[in-house]
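Reader: I'm new to this one and keep tripping over the labels. Could you take me through how they are earned?

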Amino acid sequence: ASIKNKQTKERKKEGRKRNMVGEGPNELIKRGGPRMVVAFPRISSFFLIFLMETFVSYSLLGDILLIDRQYDKAILYYNKAIQLNSQSLKAHLHKGVAYDELKKHEEAIECYNKVIEIDPTESAAYYNKRLALADLQKMENKETTTPLSVFTFSP
């Protein structure tokens, strides 16, 4: 009986150490505290490792970097997401937006075309493609027009 009590006490101590707040998992859940991270650290770390290698995580990281205006890095994560799910409308569409922000309109148009190929009813792809084509045309017009200051006029 004393061995069993000793094992029970050790488990209770171990439980307190893992929770870092001195409460058992049931009390923590009853209070509405963080369930995965504090109460079950082994499960949460396994879940995070699993999540890191999934399409969702690459796509989400791409979205975060896109919002943070780190377009080159966002494109890398969208490429990884596309490797895992080549039919992802969102990954292709957002990758196109990142290319547009980098003024790489031809690459953006390729992304939008892929979205249209996957789902011809996706209106955002048509809209973004139209904007990218307009920007590309503006860039080409700027390159072909010569500024007036180059010409010299003699009276």
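Author: Sure. A helix here is a DSSP run of H or I with at least four residues, numbered from the N terminus. By that rule Ile64 lies in helix 5, residues 55-67. Keep in mind that this is a predicted model.

Reader: What makes Ile64 partly exposed?

Author: Its relative accessible area is 47%. Buried means under 20% and exposed means over 50%, so a value in between counts as partly exposed. Ile64 also joins Leu60 and Leu61 in a nonpolar surface patch, with about 260 Å² of accessible area together.

Reader: Why is the contact of Asp63 and Lys90 called a salt bridge?

Author: The cut-off is 4 Å between a side-chain nitrogen of Lys or Arg and a carboxyl oxygen of Asp or Glu. Asp63 and Lys90 come to 2.6 Å, N to O, so the label fits. This pair links distant parts of the chain, with Asp63 in helix 5 and Lys90 in helix 7, 27 residues apart.

Reader: Are Asp63 and Lys90 buried or partly exposed?

Author: Asp63 has a relative accessible area of 14%, so it is buried. Lys90, at 37%, counts as partly exposed.

Reader: How many salt bridges does a search of the whole structure find?

Author: Two. Lys114 and Glu117 meet in a salt bridge at 3.4 Å, N to O, and that is within the 4 Å limit. They sit three residues apart in helix 8, so about one helical turn separates them.

Reader: What makes Glu117 exposed?

Author: Its relative accessible area is 58%, and exposed means over 50%. Lys114, at 25%, is partly exposed.

Conventions. Residues are numbered from 1 along each chain as its sequence is written. This is a predicted model: local features need pLDDT of at least 70, side-chain atom pairs count only at pLDDT 80 or more; totals for chains, interfaces and linings use all residues. Side-chain values use heavy atoms; hydrogens and water are left out. Patches are made of residues with over 30% relative accessible area and no salt bridge: like charges are joined within 9 Å, nonpolar side chains (Val, Leu, Ile, Met, Phe, Trp, Tyr) within 5 Å. Accessible areas come from the Shrake-Rupley method with a 1.4 Å probe; for residues, only the protein chains shown count as cover. Helices (H or I, at least four residues) and strands (E, at least two) are DSSP runs, numbered from the N terminus. Buried means under 20% relative accessible area, exposed over 50%, partly exposed in between (1.4 Å probe, protein chains only).
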